[in-house]
Amino acid sequence: MTAAAWLSITLPIVWFYWGPPWAAGWALVTVALMGWRRPGVWVLGGALVLVLLVRLEWELERVLPRVEQHKAHVLTVCLDQPARDYGDYQAAVVRVVDQPEALTLRRVRVTAEPEVALVPGECLVAKVRLRQPLGRLVPGNFNPTRYYFSERIDALATLVEVERRFTRPSVPTRLYRRAEPVFAGSQALGVWAALALGWSGALDDSLSDVFEQNQIKHLVVVSGMHVGMVAAWALFACGLLMRVPGADRLGVGLMRLVSVAAASGAFVALTGFGFPGVRAWVMLVIPLTALALGFRLSSTQVLASAAVAIAVLQPQAWLDSGAWLSFGLVAVLVRLAERWRSLELPTWQLAIRLQLALSVLMVPVGSVMGFDWHPLSIPINLVMIPLVTLVVLPWSLVILAMPTLAWVPGYESLVSIGIEVLDVLADWHASSPAWTGLEVGLVGVGLWFLLSQMVAGRQRWLLVPMLAIVGLGPRTSSAPEAFRMTMLDVGHGEAILLEWPDATWLYDTAGQWSDGRSIAAQRLAGWFKRRDIELDGILVSHADLDHVGGAAWAVHQWPAARRLAGEPDAVASIARARGWQDCHALAEDASLTFRVLPIPKSFRVDSNAHSCVIAIDTPSGRVLITGDADRLVEYWLLQAFPEVFPVAIQVIGHHGSHTSSASAFLDASPDALLLVSSGDRASPRWPSRPLLTYLGDRGRPLTSTARRGTVTVVQRDGGWRALDRASAFRERLLE
């Protein structure tokens, strides 16, 4: 069963990243090893593999096809949860109940203007512009493409026009509407909806951040704790029933098992069959079923059986990193609990030990997944877990059943006090350490030996200084042996890391979110930190926000780095830092590891034309980066610097817009590797259709971050090789 569980968990990952042939090969090797001495296992293993592969291929067929990208369709969609407000827009995941015959969508994530009413329980007949469920790919970051597929979100949609509305409330929506009038504040209502209905989207962004910063976000996501509480209440009710005279003749033992499974299953159904809830319910039902049939299962057998069952029900669920996190931590905690029970510890001491282990183990996990870390997470969880489990969650369920009789004002007061305390404590949070994969592995193994009873106590504590050396010791940056360039996938914007053996520069700093937060600070900081990168210089091509959005972050992160810009005054204002030099005045600066091609003032007619143009000489050829420079500048470069051409690598200007990439400019380097930073997936403007047609007619490939994610270009055997982060799943969608 353990081997079957391993196959069930890993097969979707191999299928997603490398495609069906590799998945089939991986499955063949695994099944062969499983049945090495038991040929009968081959039949069962083969059947499991066939089921998983067929299910995954069927799930893929439901995703929006490439031919429908950016097309507008009239869909009928229903909202089961409140939309989340992001300031200048709102978003909600909705069910598709009617659509054109060409589509087979199940759920889409729709965005709309703030003034559009998105009400739970309502259905909209609306015209929407669809696009494929793809997201940014930055190493070591949240993978939205994988998340969308794991959650069966088959398309992203932009609301264009609402044609008609009608009401079709689900059972959870009816319960929400019944309870909503008794709440006076939105935050308490959001907490109640998250706990009682599984509507984590009901929490506003600021409140969600407070929970995450205090490392208690898991308390408001329906999971094993919540399912266990419902099961405990069902068990308590059955215990009361057993006190009734003559109850022993009614088969109360079997009734107890059935009631616990049914009550917890109904709660999971009510909260929308989210993966954490389903996982917990399956892990509960499997041992209950075994008890009903008269045999016992070990914890390993229960976990393995649950992994196989979940894979059969929804194989892509294992593509969600949260699934690995929750399942893996449960496995570790179960094993630790089994070991510590042999010490005959009181229940309260065992609970404290398990919470301590969970908080400590979250440090390496947070390093991998980019979670926030709080130094007081242990006492915070020791207080909040029993408070939520024993008071707030049961109270939430009482409100769900009897909202007018549940003393909601008291509930709101308790929740408000808790939020105020957490809001103060949140100021002490910090980002998790950005360790390398090797360091995470060493720390994880060391913590396991430290927490378990596998070695003697005195020897175990010798691991502490070793962990400190690995986790807190000095690190050295690994400089490349030759020049390499990494174009980071930052959506519609640009951020290019330029690395030499003796220097490192960042060309442009990506854009900003709609609320003004830097994309670089939110999505790239961990990548830079994990690689221990120290910048010698920051070059911001010009003052457009999609290029200068992270300048303030970069200056704060590397205050000693040299600063160049095409519009130094405007960039200084946005970055809130002085000291920016005009790149157009540095044509003969020998201290730079690249060559600046200055643009005359007469050609700098707008912000894009102020872009810093640089040429980088390498043994494998020249690299040319032009920022957002337009065609006029490109023609001028051909005349003013003919010695620069042809180049070996050319970063397409202005994200592939029609204002750049003149035909003569491209033809001047006919063999160049063409790269473009383009993430405007909301509309088909970039790269422009004429550019794609022009390159296609000449058989010249274009490497785009929108298609292949973050791209690293390295020198190999006198030439260049582009290494990307695209998965087989993504490539199949874009073919």
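**Reading helix faces and helix pairs**

Author: Helices α10 and α12 are roughly parallel to each other. The model is a predicted one.

Reader: How do I read that? At what angle do the axes of α10 and α12 cross?

Author: Angles under 35 degrees count as roughly parallel. Here the axes of α10 (residues 275–293) and α12 (residues 321–341) cross at roughly 30°. They come within 10 Å.

Reader: Is the crossing of α10 past α12 left-handed or right-handed?

Author: Right-handed, as α10 passes α12.

Reader: Which residues in α10 and α12 meet?

Author: From α10, take F275, R279 and M283. From α12, take A323, S326, F327 and V330. The residues of this contact divide into 5 nonpolar, 1 polar and 1 charged.

Reader: Those numbers step along each helix. What is the general idea?

Author: An α-helix has 3.6 residues a turn, so residues three or four places apart point the same way.

Reader: Now a single helix. Which residues of α5 are buried?

Author: Helix α5 spans residues 171–179. Its buried residues are P172, T173, L175, Y176 and A179. Seen down the axis of α5, they fall within an arc of 160°, so they line one face of the helix.

Reader: And V43, is it buried or exposed?

Author: Exposed means over 50% relative accessible area. V43 has 61%, so V43 is exposed. This residue lies in helix α3, residues 40–61.

Reader: How far apart are V43 and V31 in space?

Author: They are 9.0 Å apart, C-alpha to C-alpha. In sequence, 12 residues separate V43 from V31.

Technical notes. Residues are numbered from 1 along each chain as its sequence is written. This is a predicted model: local features need pLDDT of at least 70, side-chain atom pairs count only at pLDDT 80 or more; totals for chains, interfaces and linings use all residues. Side-chain values use heavy atoms; hydrogens and water are left out. Buried means under 20% relative accessible area, exposed over 50%, partly exposed in between (1.4 Å probe, protein chains only). Helices (H or I, at least four residues) and strands (E, at least two) are DSSP runs, numbered from the N terminus. The arc is that of the directions from the helix axis to the C-beta atoms. Axes are lines fitted to C-alpha atoms, for helices over the stretch in contact, and angles run from 0 to 180 degrees between N-to-C directions. Angles under 35 degrees count as roughly parallel, over 145 as roughly antiparallel, 65 to 115 as roughly perpendicular and the rest as oblique. A crossing is left-handed if the near helix is turned anticlockwise from the far one by less than a right angle, and right-handed if clockwise. Contact means heavy atoms within 4.5 Å. Ala, Val, Leu, Ile, Met, Phe, Trp, Tyr, Cys and Pro count as nonpolar, Asp, Glu, Lys and Arg as charged, and the others, Gly among them, as polar.
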